[in-house]
Amino acid sequence: MTAQQTLQNKNIVLGITGGIAAYKSPEIVRRLKDQGADVRVVMTAGAKEFITPLTLQAVSGNPVADSLLDPAAEAAMGHIELAKWADLVIIAPASSNTIAAIAAGLAGDLLTTLCIATAAPIAIAPAMNQQMYAAAVTQENIARLTNRGVHIWGPASGEQACGDVGQGRMIEALEVVEQTLNFFTPKPPAFKLLITAGPTREAIDPVRYISNHSSGKMGFAIAKAAQALGGEVTLVSGPVALTTPHSVNRIDVVSAEQMHQQTLVNAPQHDIFIACAAVADYRPALVCEQKIKKNDDDMVVSMVKNPDILADVAALTEQRPFCVGFAAETQDVETYARGKLQRKKLDLIAANNVSVTGQGFNSDDNALTLYWPNGQLDLPLTSKDMLAKQLVLEILKHYNTQH
Ligand code: C5P
């Protein structure tokens with residue numbers, strides 16, 4: 001590795017669509033590789049009319065994926081695996097057709113499917129005739145993508161292959177690489193997020209405790225998504241079997257009282273607080289110093305209420321962060337969620353119906369409905385990683401309108 005190689009260990013999927021600017025794509029691959037990136041190319045059918053897969057295979061050193069339904073390619077690295085492998089998906093050139101397909105959520109070919117299946121950031125470098133670029137529908141599609149957190153690189157202005165002059169030309173290969181380097185360069189955090197996750201354990205004696213089934217997966221996925229979206233993240237976690245997401249500052253706690261203490265100390269230094277932990281509502285009034293012996297036929301544990309961490313943060317009068325709660329309900333989801341929103345004085349609440357199998361507690365998938373004082377939004381069933389990204393983007397929209 002040379003000192004200039006700043007894309008070392010970065011996995012980049014380069015999507016190429018059908019446009020004359022595809023002749024610049026091999027140069028993009030070479031320059032990304034010069035910087036140490038591992039590049040895998042995905043081509044649409046249109047792209048192959050302009051440049052051959054063999055060229056891209058040669059420069060990338062990896063097989064080129066061009067079909068969703070190719071058993072050999074799926075066996076080597078399936079499209080979902082490719083979607084998970086990517087740290088960044090770049091589409092250069094991005095045709096108006098592919099831009100429209102991604103904006104509409106179509107999954108008619110490998111590249112558009114990948115864009116839906118990946119939790120990695122996506123950047124597109126539009127390339128089209130100036131009139132097509134200026135068309136209202138293209139501008140609407142680009143605005144929709146920007147709202148979803150997709151990065152738009154370019155286009156440049158100037159003379160076009162068709163002879164027109166105007167905005168629509170793809171930016172040069174070296175500019176794509178510059179944008180990529182810029183993308184991976186650490187920047188001052190766009191926002192500071194504090195989040196609680198996992199269960200808490202309430203000791204009965206030195207060897208026993210009361211707890212719940214929370215896995216912490218949703219909170220960890222949110223921490224990871226927020227970090228990837230430019231946030232500085234502090235994660236206060238109960239006991240879970242999960243690895244800390246990259247660059248996230250983790251504070252481990254065991255009991256609700258410890259979680260309360262750590263959260264209240266840290267909250268004023270953060271812009272947004274998300275209470276994702278399944279905090280035990282009650283704890284044993286007395287923790288026995290020695291292990292309790294089974295001498296009696298029955299046993300009564302007297303419990304006292306734990307502090308409500310979320311309500312206490314939301315009640316801060318100074319340096320109060322934007323407060324987001326979770327509501328895990330088994331019935332009357334909206335009524336209970338809105339009740340909590342009001343009672344705890346929250347800015348937003350994310351509700352899930354934990355009685356539905358395959359979502360919520362301990363599952364890899366989840367669906368949420370977000371409620372705020374004068375609105376609501378459904379985030380349908382998807383992986384916790386994808387859902388986390390959608391949730392953070394939505395929270396940022398609300399946070400930014402308040403500030
Ligand atoms: O009132 P309920 O426990 O249903 O509220 C759930 C929300 O409140 C979740 O966001 C949870 O993380 C938070 N909470 C908390 N401290 C508690 C209990 C719940 O922060 N003691």
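This passage describes the ligand site, the pocket and cavity, and the unusual backbone geometry of a predicted model.

The ligand is a good place to start. Its shell consists of 13 residues, and the closest of them are Ala275, Ala277, Pro307, Phe326 and Lys340. By class, this shell holds 8 nonpolar, 1 polar and 4 charged residues. Three polar contacts with the protein backbone deserve a closer look. At Ala277, a backbone N or O atom lies 2.7 Å from an oxygen atom of the ligand. At Ile309, a polar backbone atom is 3.0 Å from a nitrogen atom of the ligand. At Phe326, a polar backbone atom is found 2.7 Å from a ligand oxygen atom. On its own the ligand would expose 450 Å², and the protein buries 85% of that area. Two elements give two or more residues to the shell around the ligand, namely helix α12 (309-314) and strand β16 (322-329).

The wider surroundings of the ligand come next. The space that the ligand takes up is the second largest pocket, which has a volume of about 940 Å³. This pocket is lined by 40 residues, and those nearest its centre are Ala277, Ala278, Val279, Phe326 and Ala328. Two or more lining residues come from each of α10 (217-228), β13 (272-275), α12, β16, α13 (333-343) and β17 (348-353). Of the elements, β16 gives the most to the lining, with 4 residues. The lining of the second largest pocket divides into 19 nonpolar, 13 polar and 8 charged residues. Ala277 and Phe326 thus appear twice in this picture: both are listed among the residues closest to the ligand, and both are listed among those nearest the centre of the pocket.

Enclosed space was examined as well. Rolling a probe the size of a water molecule over the atoms shows where empty space is left. The count comes to 1 cavity of 30 Å³ or more, and the largest cavity holds about 40 Å³ of space. Its lining is made up of Ala65, Ser67, Ala73, Glu74, Met77, Gly78, His79, Leu82 and Leu110. Helices α3 (71-77) and α4 (79-85) each supply at least two residues of this lining, and α3 gives the most, with 3 residues. In terms of class, the cavity lining has 5 nonpolar, 3 polar and 1 charged residues.

Finally, a few backbone details invite inspection. Most residues other than glycine have a negative phi, and most peptide bonds are trans. Against that background, the peptide bond from Ala92 to Pro93 is cis, with omega near 0°; Pro93 belongs to strand β3 (residues 88-94). Another cis peptide bond links Gly154 to Pro155, with omega at about 5°. Pro155 sits in the loop between β5 (151-152) and β6 (156-159).

Positive phi values are found at Asp332 and Lys345. Asp332, though not a glycine, has a positive phi of about 40°, and its place is in the loop between β16 and α13. Lys345, also a residue other than glycine, has a positive phi near 55° and is found in the loop between α13 and β17. The elements that flank these two loops return us to the ligand site, as β16, α13 and β17 are among those that give two or more residues to the lining of the second largest pocket.

Terms used: Residues are numbered from 1 along each chain as its sequence is written. This is a predicted model: local features need pLDDT of at least 70, side-chain atom pairs count only at pLDDT 80 or more; totals for chains, interfaces and linings use all residues. Side-chain values use heavy atoms; hydrogens and water are left out. A residue is near a molecule or strand if one of its heavy atoms lies within 4 Å of it. A polar contact is a pair of N or O atoms within 3.5 Å; within protein, one must be able to donate a hydrogen and the other to accept it, and residues adjacent in sequence count only if both atoms are side-chain atoms. Accessible areas come from the Shrake-Rupley method with a 1.4 Å probe; for residues, only the protein chains shown count as cover. On a 1 Å grid over the protein atoms alone, a cavity is a set of points where a 1.4 Å probe fits but cannot get out, and a pocket is an open set with protein on both sides within 12 Å along at least five of seven lines; lining residues have an atom within 4 Å of a point. A molecule sits in a cavity or pocket if more than half of its atoms lie within 2 Å of its grid points. Ala, Val, Leu, Ile, Met, Phe, Trp, Tyr, Cys and Pro count as nonpolar, Asp, Glu, Lys and Arg as charged, and the others, Gly among them, as polar. Grid points are joined across faces, edges and corners, and a volume is the space filled by probe spheres set on the points.
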